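Grab a coffee and work through these short exercises with the structure open beside you. Try each task before reading its solution.

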Amino acid sequence: MEDVSSPQYHTYGGEVEILIIDRSTGSVAPLPQYICDDVQLELEDVPDSLGLPVLIGYDATASLIELRGGIYKTLSHLLYSLQYALFQLWGMLEKSKYSLLTSAYHPQANPLEAYQYVISKPMYNLVKGSSSIHAQALSKIYPNHPELGRKWQHEETALAAAIQPWNSLEPAHAADQIAVLQATGWIFNLLTANSPFAQGRHTGKRDYRLEIWNTMTAQSRYQQDNILIKNVPSRPRKLVDYYKYVFSNQRPAVIPDLYPLTQRNTAKDNKTHFLAIKQPDDQQEFNILTYLQADTIKAIHLGDASEQDVAPSVAHIFNDFDIFYVPHYGARLRINLPDAENIDPKEFARAIIAGDEATFQSLLIQGGIQKGSICAEGRVAATVLPTNKNSDWQQFNIPFVLQTAIVRRHKQILAFFEEAQLAWEDLTERLPTMTNITEWGFNAPIGEYRASELAKKVWEIARTSLSSEEAALVGDTIDTILYTCKAPAEEQIDFLTHENASIGHALPSLIDHLSIKGIPIPDSTMDTILAATFCVLA
């Protein structure tokens, strides 16, 4: 049987978010659609294994660009494609008034001001509330104060840029693999944190972006939304353990709209084409598991406020609609089940509630998991772009290479944690909190280790799974960061210290320092990969 740790066994993907700024003022600036369109045309030359290019579009706002990779058979091909997309984007911006910012959060901007560039997507209106939705739609969805939506402070996302690597998994190993990623999320923060400043002040956090989730959901009309930003409270030994926690706390909000008013193909259809679920009273128990056991539910179209009866389906909770669990210190699972309609939703819910892994796995097979997918999506890493000081791609590559290596060596790393008697809560909550505090960072204690020492142990185990080509994608950058205890966050703090000025006076210089002056050519070693890709497609 083929070894599941083999690099050839899995596929790779991921997303990169980048802040756009005005080159002269350093303020966030909306990137015109025509520039995105021009870049997209250039990206057609570098397809993934299905013949599709990286997609460029907007995330929450027009000043926050998202590059979405497809499905790649090798890590090197994925990273070349993303590097190529950044290179082409920079080429379009080089002679314009726009630039890229290598920071996970803008050091000076106000999120409310940046939110003026929000992309009009129905999902954002649903969670934040909006007068742009049909007058009756929200009142049909929410039983009280409908104008407030789900009461999320969605403007907090306007200044946040992250890298989210994807790795395909096998259902039989996925519980341990998502467990190891949740237990090592702090390492991604340790290595990539790069936003210690926000709204003109030193926040005391190494990556302020990771803190926005607390603010965004703090006033939610549903208390369980605050739980959905956390890792699973105890190690999931089975997939049903993971999904019992997620689905018992996740209040369903939307389902796919099979007959949207517009047929425009969008990069993230789940934020545009959906029906909103009519909500019971705020205090009434209502979650994915109770939803799946209902005979019918009411669904509302946001465009015309029309109402319809819908039978719950497992297809409603996967297939790009598993998006409301957002662990800011870890990773989450994403599942694509092409035959999900074949699964009895009530049986599916009962299997999760009973902890019946065998039935759950058999239902995944019934839903087409073997021709679909189950993936891990990392949620912690900050966007780090090449700079004058670090002019290669190695820091940018870290989240993708590190997640791949950890997933492949999940058994050994989990065994090491158990042997070292490291508690799950320490690894998934206490340590991530401390590593993101400036005064602790690399020196955060856990058991007999400092965070940097424990990270070295994990990296020593994980790196043995990498081929020489894959290891070269990060070179000795991870070792250097862990040895010097200096990630981009520490470099930013040092920069301001050397400026010898108040934060208010020094931040414009920092923003200029973080403004990209050039993007290196993608690794030329990818020529053979691209040639092979075109041969396969032909």
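Contact here means heavy atoms within 4.5 Å. Keep in mind that this is a predicted model.

**Exercise 1. Work out whether helix α7 (residues 185-192) is enclosed or not, and find which helices its buried residues pack against.**

Solution.
- Start with the cut-off: a residue is buried when its relative accessible area is under 20%.
- Next, list the residues of α7 that pass: Gly185, Trp186, Ile187, Phe188, Asn189, Leu190, Leu191 and Thr192.
- That is eight of the eight residues in α7, so the helix is largely enclosed by the rest of the structure.
- Finally, look at the partners: the buried residues of α7 pack against α6 (174-183), α13 (394-408), α15 (424-435), α16 (451-462), α18 (477-484) and α19 (488-499).

**Exercise 2. Find out how α9 and α11 are arranged relative to each other, then place Ala349.**

Solution.
- Take the geometry: α9 (residues 239-249) packs on α11 at about 105°, and the two axes are 8 Å apart.
- Angles of 65 to 115 degrees count as roughly perpendicular, and that makes α9 roughly perpendicular to α11.
- Now see who meets whom: from α9 come Val240, Tyr243, Lys244 and Phe247, and from α11 come Phe348, Ala351, Ile352 and Ile353.
- Ala349 also sits in α11, which covers residues 345-354. With 0% relative accessibility, Ala349 counts as buried.
- Setting aside neighbours within four places in sequence, Ala349 touches Leu289, Leu292 and Gln293. Gln293 is 56 residues away along the chain, yet its C-alpha is 6.8 Å from that of Ala349.

**Exercise 3. Decide whether Leu64 is buried or exposed, and list its contacts.**

Solution.
- Locate Leu64 first: it belongs to strand β3.
- Its relative accessibility is 0%, so Leu64 counts as buried.
- Beyond neighbours within four places in sequence, Leu64 is in contact with Glu17, Ile18, Leu19, Gly57, Tyr58, Asp59, Thr157, Ala158, Ala160 and Ala161.
- Pick Ile18 from that list: Leu64 and Ile18 are 46 residues apart in sequence, with 5.7 Å between their C-alpha atoms.

**Exercise 4. Say which residues make the nonpolar surface patch of about 290 Å², and classify Ile71.**

Solution.
- The patch is made by Leu50, Leu52 and Ile71.
- Ile71 lies in the loop between β3 (64-68) and α2 (75-93).
- Exposed needs over 50% and buried under 20%. Ile71 has 40% relative accessibility, so it counts as partly exposed.

Terms used
Residues are numbered from 1 along each chain as its sequence is written. This is a predicted model: local features need pLDDT of at least 70, side-chain atom pairs count only at pLDDT 80 or more; totals for chains, interfaces and linings use all residues. Side-chain values use heavy atoms; hydrogens and water are left out. Buried means under 20% relative accessible area, exposed over 50%, partly exposed in between (1.4 Å probe, protein chains only). Helices (H or I, at least four residues) and strands (E, at least two) are DSSP runs, numbered from the N terminus. Patches are made of residues with over 30% relative accessible area and no salt bridge: like charges are joined within 9 Å, nonpolar side chains (Val, Leu, Ile, Met, Phe, Trp, Tyr) within 5 Å. Accessible areas come from the Shrake-Rupley method with a 1.4 Å probe; for residues, only the protein chains shown count as cover. A salt bridge is a side-chain nitrogen of Lys or Arg within 4 Å of a carboxyl oxygen of Asp or Glu. Axes are lines fitted to C-alpha atoms, for helices over the stretch in contact, and angles run from 0 to 180 degrees between N-to-C directions. Angles under 35 degrees count as roughly parallel, over 145 as roughly antiparallel, 65 to 115 as roughly perpendicular and the rest as oblique.
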